Amino acid sequence: MFHHGTNYVSESARSSASAAKSSAAQAKSQVDYLKTEVERLLMITEALWGFIKEQHDYEDQALFDKIIEIDAKDGKIDGRVAPKAPTKCPECTHVLPKKKPFCVYCGAKITKDCFER
Ligand SMILES: [Zn+2]
């Protein structure tokens, strides 16, 4: 009886370990996918900057300065732009969900910054 109980526990531990292993593998594959996507976006950004530089005579310093300007928008130069606090609908005052071009409560059209985090 006791032996049976011990087996049950170790069976359950084995199953938890296997589930943890599988979700770790899933997380790793998601990270790998994101790394590939970030690399692709960096290449696209670099290509676009290359066109702009060539056609408008910019130096890399201009891009660097612009990045610092954007970084500083939220009051801190820390390599990221902090997400904005949720805003309220100007028509019905419900808190607006992010990423929607309209209020889901009253349908008012909402104009937002395309780069809002
Ligand atoms: Zn509204």
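Two residues are taken to be in contact if their C-beta atoms, placed from the backbone, lie within 7 Å. The legends that follow describe a predicted model.

**Figure 1. Overall view of the predicted protein, with its 2 helices and 0 strands.** Among the contacts in the protein with a separation of 6 or more, 11% are accounted for by residues 24 or more positions apart. The radius of gyration of the protein is 25 Å, whereas a compact globule of 117 residues would have a value near 13 Å. Along the principal axes of the protein, the C-alpha trace spans about 80 × 45 × 25 Å. Of the 117 residues of the protein, 2% count as buried.

**Figure 2. The two parts of the chain, domain 1 (2-74) and domain 2 (84-117).** The centres of domain 1 and domain 2, taken over C-alpha atoms, are separated by 28 Å. One pair of residues that can be followed in this view is Glu11 and Lys100, which are 89 residues apart in sequence and, from C-alpha to C-alpha, 47 Å apart in space. Glu11 belongs to helix 1, and Glu11 is exposed because 10 other C-beta atoms lie within 10 Å, where a residue with 12 or fewer is counted as exposed.

**Figure 3. Close-up of the loop between helix 1 (2-56) and helix 2 (60-71), with Tyr58 in place.** Tyr58 has 13 other C-beta atoms within 10 Å and is therefore partly exposed. When its neighbours within four places in sequence are left aside, Tyr58 is in contact with Ile52, Lys53 and Leu63. The C-alpha atoms of Tyr58 and Pro86 are separated by 36 Å, the two residues being 28 residues apart along the chain. Asp57 also has its place in the loop between helix 1 and helix 2, and Asp57 is exposed, with 8 other C-beta atoms within 10 Å. The backbone of Asp57 deserves attention in this view, as its phi is near 60°, a positive value in a residue other than glycine. Most residues other than glycine have a negative phi.

**Figure 4. Close-up of helix 2, with its 12 residues.** At 1.5 Å a residue, helix 2 should span 16 Å, and its end C-alpha atoms are 17 Å apart, so the expected and modelled spans agree. The number of buried residues in helix 2 is 0 of 12, and helix 2 therefore lies largely in the open. For this reasoning, a residue is buried if 20 or more other C-beta atoms lie within 10 Å of its own.

**Figure 5. Close-up of Thr93, in the segment after helix 2.** Although Thr93 is not a glycine, its phi is positive, at about 65°. Thr93 has 11 other C-beta atoms within 10 Å and is therefore exposed. Thr93 and Tyr105 are 12 residues apart in sequence, and their C-alpha atoms are 9.4 Å apart in space.

**Figure 6. Close-up of Pro97, which lies in the segment after helix 2.** With 12 other C-beta atoms within 10 Å, Pro97 is exposed, because the exposed class takes in residues with 12 or fewer such atoms. Pro97 can be viewed together with Thr87, from which it is 10 residues apart along the chain, and the C-alpha atoms of Pro97 and Thr87 are separated by 8.3 Å.

Note on methods:
Residues numbered from 1 in each chain as written. Predicted model: local features only at pLDDT ≥ 70, side-chain atom pairs only at ≥ 80, totals over all residues. Helix = DSSP H or I, 4+ residues; strand = E, 2+ residues; numbered from the N terminus. Rg over C-alpha atoms; globule rule 2.2 N^0.38 Å. Domains from an automatic or database assignment. Expected span 1.5 Å × (residues − 1).
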